[in-house]
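Work through the exercises below with the model open beside you. Try each task before reading its solution.

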Amino acid sequence: MSADQTSWDAAVRHLYRDAFAYIATGPRRHEDWTLDVLVLMARAVPDPRGWARVDDAEAAPERAGNPTWPFAAHTPEYVAQRLEEINRDSAENLLLALTEGGCTLSNLQYFDESPDELRAMARTVLARYGTEATYRTNVRKTGSAPGTLDFTLEGLGYSPMSVFTEDCGLVVVSSTEVGLFWNFNDL
């Protein structure tokens with residue numbers, strides 16, 4: 001499956017319409033992909049293809065003098081230690097869980113589309129990065145198999161990356177691009 005700009009932009013804008021989200025892709029310029037993540041958090045690079053970016057904090061007054069807000073300033077080591085690798089199926093589910101606060105698949109009830117249609121949108125989003133991409137998250141809903149997330153678990157665990165009381169995200173790393181999908185929630 002491949003993604004074109006029209007389908008990718010439509011999927012991103014639709015899925016995250018009700019989230020307080022930051023969705024951005026930048027070029028992969030470093031062997032250590034965490035350096036590229038930090039550049040994305042600082043909003044220091046445009047999308048290499050000119051595709052959609054969602055930045056609900058763009059006009060926030062807290063951003064004055066702090067381009068990473070609502071992300072807190074972190075070192076590459078901090079970021080690397082808090083992002084665990086997950087498989088593609090878990091990444092697909094996580095993209096759907098990030099559509100609202102709470103990081104749960106119960107968010108899907110607020111859409112008119114069926115779960116299968118929403119999963120197709122998530123697959124479109126991931127298709128941009130190719131089949132060799134890797135996926136990492138700060139979410140701790142560890143499934144029974146290594147590298148999986150279990151969204152049937154009641155509790156939400158995560159490693160904070162922002163100034164909010166809850167932030168959950170997905171990092172997608174390909175050989176040429178790094179994608180950042182994040183949802184912020186003040187409980």
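**Exercise 1. Decide whether Cys168 is buried or exposed, and settle its bonding state.**

Solution. This is a predicted model. Start with cover. Cys168 has 1% relative accessibility, so it counts as buried. Next, look for a partner. The nearest cysteine sulfur belongs to Cys103 and is 4.0 Å away. Now apply the cut-off: a disulfide needs cysteine sulfur atoms within 2.5 Å. Cys168 is therefore in no disulfide. Turn to the partner's own cover. Cys103 is buried as well, because its relative accessibility is 2%. By this rule the chain has zero disulfides.

**Exercise 2. Describe the overall build of the chain.**

Solution. Count elements first. The chain has five helices and six strands. Then read their order. From the N terminus on, they run α-β-α-β-α-β-α-α-β-β-β. Now test compactness. The radius of gyration is 15 Å, and the globule rule gives 16 Å for 187 residues. The two values are close, so the chain is as compact as a globular protein of that length. Check the extents: the C-alpha trace spans about 40 × 35 × 35 Å along its principal axes. Then check cover. Of the 187 residues, 51% count as buried. The accessible surface comes to about 8,500 Å², with 49% of it on carbon and sulfur atoms. Finish with contact range. Among contacts with a separation of 6 or more, 68% join residues 24 or more positions apart.

**Exercise 3. Find the largest nonpolar core and the elements that build it.**

Solution. Recall the general trend: in soluble globular proteins, nonpolar side chains tend to be buried together. Here the largest nonpolar core holds 38 residues. Its members that touch the most others are Trp8, Tyr16, Leu94, Leu170 and Phe181. Now assign elements. Helix H1 (5-15), strand S1 (21-27), helix H4 (88-97), helix H5 (115-127) and S5 each supply at least two residues. H5 gives the most, with six. Take Leu170 as a test case. Beyond its neighbours within four places in sequence, Leu170 is in contact with residues including Ile86, Leu94, Leu126, Tyr135 and Phe181. A second, separate core has 22 residues, among them Trp33, Met41, Met161 and Phe164.

**Exercise 4. Work out how H4 is covered and what it packs against.**

Solution. Count buried positions. Eight of the 10 residues of H4 are buried, so the helix is mostly covered. Name them: Ser90, Ala91, Glu92, Asn93, Leu94, Leu95, Leu96 and Ala97. Trace their packing. These buried residues meet H1, strand S3 (84-86), H5, S4, S5 and strand S6 (177-185). Last, inspect the start of the helix. There a side-chain oxygen of Asn87 comes within 3.4 Å of the backbone nitrogen of Asp89.

**Exercise 5. Place Ser162 and list what its side chain holds on to.**

Solution. Locate the residue. Ser162 sits in the loop between strand S4 (134-137) and strand S5 (166-173). Check its cover. Relative accessibility is 10%, so Ser162 counts as buried. Then look for polar partners. The side chain of Ser162 makes a polar contact with the side chain of Asp167, at 3.0 Å. A polar atom of the Ser162 side chain also lies 3.1 Å from the backbone nitrogen of Phe164. Widen the search to contacts beyond four places in sequence. Ser162 then meets Pro70, Phe71, Ala72, Asp167 and Phe184.

Definitions and conventions:
Residues numbered from 1 in each chain as written. Predicted model: local features only at pLDDT ≥ 70, side-chain atom pairs only at ≥ 80, totals over all residues. Heavy atoms only, no water. Helix = DSSP H or I, 4+ residues; strand = E, 2+ residues; numbered from the N terminus. Buried < 20%, exposed > 50% of the residue type's maximum accessible area, 1.4 Å probe, protein only. Polar contact = N/O pair within 3.5 Å; in protein donor to acceptor, adjacent residues only side chain to side chain. Contact = heavy atoms within 4.5 Å. Core = buried A, V, L, I, M, F, W, Y, C linked by side-chain atoms within 4.5 Å. Rg over C-alpha atoms; globule rule 2.2 N^0.38 Å. Areas by Shrake-Rupley, 256 points an atom, 1.4 Å probe, with all protein chains shown as cover.
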